[in-house]
Amino acid sequence: MPGIRSAAVGAALSSLFLLTSCADGSGSASVGKDVSGESIADIVSPDTSLTVGAPELKVALELSGQIDKIPFDVEWANISGGPKCSEAFRAGALDVCSAADIPAINAHWTGLDTKLVAAKFHKDPLRHPIYELGIAPGAGIRTLADLRGKKIAYSPGQAQGALVLRILEKAGLTQDDVQLVELASTDDVYPTALGNRQVHAAPIGGVNIKRYLAKYGEDGATTIQHGLRDDPEHLWALTDSVTDPQKAAAIRELIAFWARARVWIDEHPEEWVQGYYVEDQGLSREDGEYLVARAGHPDIPADWTEAIERQQQTIDLLAKEQKRPAFEADVLFDRRFEPVGAAALAAEGKDS
């Protein structure tokens, strides 16, 4: 087995970002390319290399003792999520990334051809949402209908922005009924904006929910449940990478390791809290335990039909609200990899 290269590629990517962040296109692949007939090598060559932006996966593989079993070379890029991964894809500096559902949609609209190659959800998504709607002190918002006339933080290119549009749709409201305030949903920007009453509502997730209520709860800060599914997690790949037979074979193997890692995290919460949240992310044990409890249990389906239907609904909504051309959600998914994650778990007697 070859060694795994855990390279510090961030600096190299940063320099490429500066040159490519305004690029329009994604190299040789045409947007929406049909890859269903492309071949995947039966056995991955040990000389094959992937650059992967999935820091959480790297830690999970280290903690579970699986990282040295990967049968090809991996360069781990310390990036994830839509904006950074999109820039790295455009620069040709990344093969696979961890992201939610919205980045692939925006990539399609901006001429970047990518494919979703793995999918994970929550088994009880409404009880274990990623986000809650943070409410500013004194905003007078107790239900979604109360959003009428309010200022809402909005990040159009991110999952939180799509969630805001879906919340408005559920409440029977339009963008004209509220004031959308464009803010990037990074770090603690949204909790701070809420606490300072710059906006009345904003989707906040993870430990920011706990910290927001602890910091501003005495002033009247609250959160409300939006009651929508917001749980997609994907491995997202450059189309040029999945059309290379050897890289496609490596991606197939990576998906199997990813699926096993997601279940390992679920089955080893104490090790995950200590190894990832405390030692890697610098959070307190209390914060880590809070995040594990919020996450619930993973669902890695062998059939993506329902996931694609939900993705189509999101595309149609964003197209309408952002005045973009609608397109078929199927073009975002590489269904050659559809059964891989669930099959890897079944081979070990695990529930997907």
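Which element gives the most to the lining of the largest cavity? In this predicted model, the answer is strand β4, which supplies three residues of that lining. The parts of the model around that strand are set out below, after a word on confidence.

**Confidence**

The protein chain has a mean pLDDT of 91, and 91% of its residues reach 70 or more. Over residues 1-29, however, pLDDT stays under 50, although the model does have 59 contacts beyond four places in sequence for this stretch.

**The sheet and the helix packed on it**

Strand β4 belongs to an open sheet of six strands, whose order is β2-β1-β3-β10-β4-β11 and whose pairing is mixed. The edges are formed by β2 (73-76) and β11 (298-299), and because each of these has a single partner strand, one side of each is left without a neighbour in the sheet. At the β2 edge, β1 (residues 49-53) and β2 run parallel and are joined by four bridges; within this pairing, V52 has W76 in β2 as its bridge partner. Helix α9 (residues 245-267) packs on the sheet, where it touches β1, β3 (96-99), β4 (114-122), β10 (233-238) and β11, and the direction of the helix makes about 15 degrees with that of β4.

**The cavity**

The structure holds one cavity of 30 Å³ or more, and the volume of the largest cavity is about 40 Å³. Its lining consists of V117, A118, A119, I255, W258, I300, P301, W304, F337, E338, G341 and A342. At least two of the lining residues come from each of β4, α9 and α13, so that the strand and the helix described above meet again here, with β4 giving the most.

**Two loop residues with positive phi**

Most residues other than glycine have a negative phi. Two residues in loops of this model, D187 and K323, have positive values instead, and the table sets them side by side.

| Residue | Phi | Loop | Relative accessible area |
|---|---|---|---|
| D187 | near 50 degrees | between β7 (179-182) and α6 (189-195) | 70% |
| K323 | near 55 degrees | between α12 (305-322) and α13 (340-347) | 75% |

Are these two residues buried or exposed? D187 counts as exposed because its relative accessibility is 70%, where the cut-off for that class is over 50%, and K323, at 75%, is exposed as well. The loop that holds K323 leads to α13, a helix that supplies at least two residues of the cavity lining.

How values were computed:
Residues are numbered from 1 along each chain as its sequence is written. This is a predicted model: local features need pLDDT of at least 70, side-chain atom pairs count only at pLDDT 80 or more; totals for chains, interfaces and linings use all residues. Side-chain values use heavy atoms; hydrogens and water are left out. Two strands pair if DSSP finds at least two bridges between them. Contact means heavy atoms within 4.5 Å. Axes are lines fitted to C-alpha atoms, for helices over the stretch in contact, and angles run from 0 to 180 degrees between N-to-C directions. pLDDT is the predictor's confidence in each residue, from 0 to 100. Buried means under 20% relative accessible area, exposed over 50%, partly exposed in between (1.4 Å probe, protein chains only). On a 1 Å grid over the protein atoms alone, a cavity is a set of points where a 1.4 Å probe fits but cannot get out, and a pocket is an open set with protein on both sides within 12 Å along at least five of seven lines; lining residues have an atom within 4 Å of a point. Grid points are joined across faces, edges and corners, and a volume is the space filled by probe spheres set on the points.
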